[in-house]
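Here is a short tour for someone meeting this structure for the first time. Please have the sequence and the 3D view open as you read.

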There are 2 protein chains.
Amino acid sequence: MKNLPIGVFDSGIGGLTVLRGLLRALPGERFVYFGDTARVPYGTKSSETVLRYSREIAAFLVGSVKKPKIKMLVIACNTASAVAAKILAKELPVPVIGVVEAGAQQAAKMAPAGTIAVIATKATIKSSVYVKYLKQLAPKARVIAQACPLFVPLVEEGWSDHPVTRQVARIYLNFLAKRKPDVLILGCTHYPMIQDTIEKIVGRQTVIVDSPSAVADCVKKMVPGTIIKMVPGTISLGAQTPSSAIPRVKFFISDDPARFKQTATLFLGQPPVGAVKLTRF
Amino acid sequence: MKNLPIGVFDSGIGGLTVLRGLLRALPGERFVYFGDTARVPYGTKSSETVLRYSREIAAFLVGSVKKPKIKMLVIACNTASAVAAKILAKELPVPVIGVVEAGAQQAAKMAPAGTIAVIATKATIKSSVYVKYLKQLAPKARVIAQACPLFVPLVEEGWSDHPVTRQVARIYLNFLAKRKPDVLILGCTHYPMIQDTIEKIVGRQTVIVDSPSAVADCVKKMVPGTIIKMVPGTISLGAQTPSSAIPRVKFFISDDPARFKQTATLFLGQPPVGAVKLTRF
């Protein structure tokens, strides 16, 4: 069980920012990543549909209930995490960590009686999932939630550093910034790509909680013996060094692997090494 | 065959602008609409995946090859039209009309030796499908193509009339506007929603071709006996008048009908009347 890889799934490629954080933080672990690129995004779909997709992917990654192929499941997609994490935790034979839970835990620890802000897609904010978690974990904290639906398309347009993105960010974050939150949760996998723009608007007094580091922190607690060590600089995907001929990540996606490889580099910080396999349900 | 409905399909709800145009232009016809809301959008997916989805939906709408349930198939989604229209036309027992072909035909007729501009999603522009059609239909015309990927999310954010949308439109359309095109094809079902903003930037000398009217024109030619009559004002969906108790449109979608009904009103100009059925593949 200990030697099994950690399963990570996302609605598409945004979850690669989470995988990147896990690869950095857990140099001794192997991973299996599933990106549902044929049905992305989840943020605009109904809970029923997102739950159905999440169950299909989880079943694929876990394989046999009696002899699971992964030792843990990380849900890197905020929407899937909001909708399916608790349900899958009950149904699956392995521990389940959702980005939402991980982010809320870290924020609650940082500002148990302060002001916690969260920004995410419309679907995640509408689900109130962050607010619910934070009410449990930090009942004394004040919580502000703000949907920022245009951030994902702006990042995907390549406008991470662009006047329009700064203008949109000012519109979305103006009210939130005035409240000077102690902590701001980036509740969407794409948002770390425009962290600089966000930081400039909310100001330096606000500590930013991003999913990759929050999830790594959570995994540490749940997998005994895992050593969290932040490795600065380039992350090793395995196949590049002679000492580890087996790539550390196996990629499975539901749409064209060639397109995935192109865009994956942006989110992963380097091209994905090893096979990228097409898997359809 | 004559009494059968016309099948219309789209990746989601954008195609309702095309349906709206058809309902107006063809008061004597009935329609079956399929919106693939569980897998929307198609514009970011590979051709293989879009073709697979299109075939599934076409098979559902046509039913039996020997005894088709529709008399014609209209592909209201530009991406699906670009990828699948020619292939489905060969495979299906009914005529197939794609929005791309319809738009290109109308533009070619208007400016056979002029400058024709086309704006669409990244996938549609990358496929060069409009350019290919226009080269055949108007070999003397000059064609300019421009991808406008942020227009769809801006419309869906409800920012159709917003300073950010005007700024984004100026960035996308600046080069195109300088060329003073004779015709501009709105190559995406969402774009008619920001037609005013687009018109102000390109100027009054440019005639705008929108898919709804281009498709209605095309259907007229292909369905013998169909009378094209533009009915001003509100369109009748049938069930509202005692004389036609049967709704003129049957809606099928792949995600939550309740959500569909909410957003459909925006694109259709009025709430969808009659049953909206959930259909999964």
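To compare the two chains, copies are superposed by least squares on the C-alpha atoms of residues with pLDDT of at least 70 in both. This is a predicted model, in which local features need pLDDT of at least 70 and side-chain atom pairs count only at pLDDT 80 or more, while totals for chains, interfaces and linings use all residues. Residues are numbered from 1 along each chain as its sequence is written, and chains are lettered from A and ligands numbered from 1 in the order in which they are written.

**Two chains**

A turn of 180° with a shift of 0.0 Å along the axis lays chain A on chain B with an RMSD of 0.0 Å. That is the relation of a two-fold axis. A:R39 is the residue of chain A that comes closest to this rotation axis, its C-alpha being at 2.3 Å.

Where the chains touch, each of chain A and chain B contributes 16 residues (a contact means C-beta atoms, placed from the backbone, within 7 Å). On the side of chain A, α8(A) gives the most, with three residues.

**Helix α8 and its neighbour**

Helix α8 of chain A also meets helix α9 of chain A: their axes come within 9 Å and cross at roughly 40°. The axes are lines fitted to C-alpha atoms, for helices over the stretch in contact, with angles from 0 to 180 degrees between N-to-C directions. The two helices are therefore oblique to each other (under 35 degrees is roughly parallel, over 145 roughly antiparallel, 65 to 115 roughly perpendicular, and the rest oblique). Among the residues in this contact are A:L173 in α8(A) and A:I198 in α9(A).

**An open sheet**

Four strands of chain A form an open sheet with parallel pairing, in the order β6-β5-β7-β8. Strands pair if DSSP finds at least two bridges between them; helices (H or I, at least four residues) and strands (E, at least two) are DSSP runs, numbered from the N terminus. β6 and β8 of chain A are the edges, each with a single partner strand, so one side of each has no neighbour in the sheet. Strands β5 and β7 of chain A are joined by four bridges, and A:I119 has A:L186 in β7(A) as its bridge partner. Helix α6 of chain A lies across β5, β6 and β7 of chain A, at about 170° to β6(A).

| Element of chain A | Residues |
|---|---|
| Helix α8 | 163-178 |
| Helix α9 | 195-202 |
| Helix α6 | 129-137 |
| Strand β5 | 115-120 |
| Strand β7 | 183-186 |

Definitions and conventions:
Two residues are in contact if their C-beta atoms, placed from the backbone, lie within 7 Å.
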